[in-house]
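The following paragraphs lead through a single protein chain, moving from one loop residue to the interior, then to the surface, and finally to the confidence of the prediction. Please keep the sequence and the structure in view while reading.

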Amino acid sequence: MPPKKRPRVSKRAVDSGTDDINEKKQAKESGGKRKATEKTAELSELDGHPQTCHWLMKSEPESRFENGIDVKFGIEDLKVLPNQTSCWDGVRNYQARNFMRQMKEGQMAFFYHSNCKEPGIAGLMNVVKEAYVDHTQFDKKDVHFDASSKADNPKWSMVDVKYQRMMKRFLPLSELKKYHLQHRSNGGPLKDMALFTRARLSVQPLTSEEFDFVLSLENEDPL
């Protein structure tokens, strides 16, 4: 029987295509240390980004099946949803979750295509609902079910996002990396960009300088 595509009533976020796997491995390897890790994550701040108001959020635009369910969700999928709005569910990394909990309604985010042939920034969206409980953690049929999360003390959160527009041109990771390396050597807004310093996170903060510079690239010829 062929695998069934998951009904798309909500958005599944992937942590750079690897966080879910890494979290499961970490849980097995760390054993009793997991609770300590959780506590540290709960108490952590924004790690140098206390005034963050821009974001980069990753998702997979190409089909990939987990337990017979297609977890594909690209910007075109968001665009065709009712009101062009969806929840951003399925984040299973504590740091990425904490960043989502800092998001405010109206803040802008880049929609980043990850774990695909050509990763990069595809478009813009904005936060339309601030963090609330991610229902998929309690759904045994969902690929992101978490048996250790309890209804009276849920671990995972999500936000709602709304499609704004496509980028004037797709900004590939390869081009962004060139700027990052240039800026790291000579100074510039992308020298500490989380896309390269904390690459595995599916939800990342951007400074205003980083956001404005990346946005300006859509009007420039490819590097």
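A convenient place to begin is D142, which sits in the loop between β8 and β9. The model is a predicted one, and in it the side chain of D142 reaches the backbone nitrogen of H144 at a distance of 2.8 Å. Is this loop residue buried or exposed? With a relative accessible area of 10%, D142 counts as buried, because the cut-off for that class is under 20%.

From this loop one can step back to the chain as a whole, in which there are 7 helices and 10 strands. The protein chain has 223 residues, of which 48% are buried. Among the contacts between residues at least 6 apart in sequence, 75% join residues that are at least 24 apart. The accessible surface of the chain comes to about 11,300 Å², and carbon and sulfur atoms account for 52% of that area.

The interior can be approached through its largest nonpolar core, a set of 22 residues in which M57, W88 and V203 touch the most other members. Several elements each supply at least two residues of this core, namely the strands β3 (54–59), β7 (108–113), β8 (120–133) and β9 (157–172), together with the helices α3 (75–79) and α4 (94–102). Which residues surround M57 once its neighbours within four places in sequence are left aside? M57 is in contact with W88, M100, M103, A109, F110, F111, Y112, M125, V159, V161, S202 and V203. Apart from this core there is a second, separate one, made up of 16 residues, and Y112, L124, L176 and F211 are among them.

Helix α4 deserves a closer look, since several of its residues, Y94, A96, R97, N98, F99 and M100, are buried. The N-terminal end of α4 is capped by N93, whose side-chain oxygen lies 3.0 Å from the backbone nitrogen of Q95.

Two cysteines can be considered next. C87 is buried, with a relative accessible area of 9%, and C116 is buried as well, with a relative accessible area of 16%. The disulfide count for the model nevertheless comes to 0.

A contrast to these buried positions is offered by K168, which has its place in strand β9. K168 has a relative accessible area of 58% and is therefore classed as exposed, the cut-off for that class being over 50%. Not counting residues up to four places away in sequence, K168 touches E218 and N219, and with the side chain of N219 the side chain of K168 makes a polar contact at 2.9 Å. The C-alpha atom of K168 is separated by 8.3 Å from that of G123, although these two residues are 45 residues apart along the chain.

It remains to ask how the confidence of the prediction is distributed. The mean pLDDT of the protein chain is 85, and 77% of its residues reach 70 or more. Over residues 1–9, however, pLDDT stays under 50, and the model has 18 contacts beyond four places in sequence for this stretch. Residues 36–49 form another stretch with pLDDT below 50, and here too the model contains 18 contacts beyond near neighbours in sequence.

Terms used. Residues numbered from 1 in each chain as written. Predicted model: local features only at pLDDT ≥ 70, side-chain atom pairs only at ≥ 80, totals over all residues. Heavy atoms only, no water. Core = buried A, V, L, I, M, F, W, Y, C linked by side-chain atoms within 4.5 Å. Buried < 20%, exposed > 50% of the residue type's maximum accessible area, 1.4 Å probe, protein only. Helix = DSSP H or I, 4+ residues; strand = E, 2+ residues; numbered from the N terminus. Contact = heavy atoms within 4.5 Å. Areas by Shrake-Rupley, 256 points an atom, 1.4 Å probe, with all protein chains shown as cover. Polar contact = N/O pair within 3.5 Å; in protein donor to acceptor, adjacent residues only side chain to side chain. Disulfide = S-S within 2.5 Å. pLDDT = per-residue confidence, 0-100.
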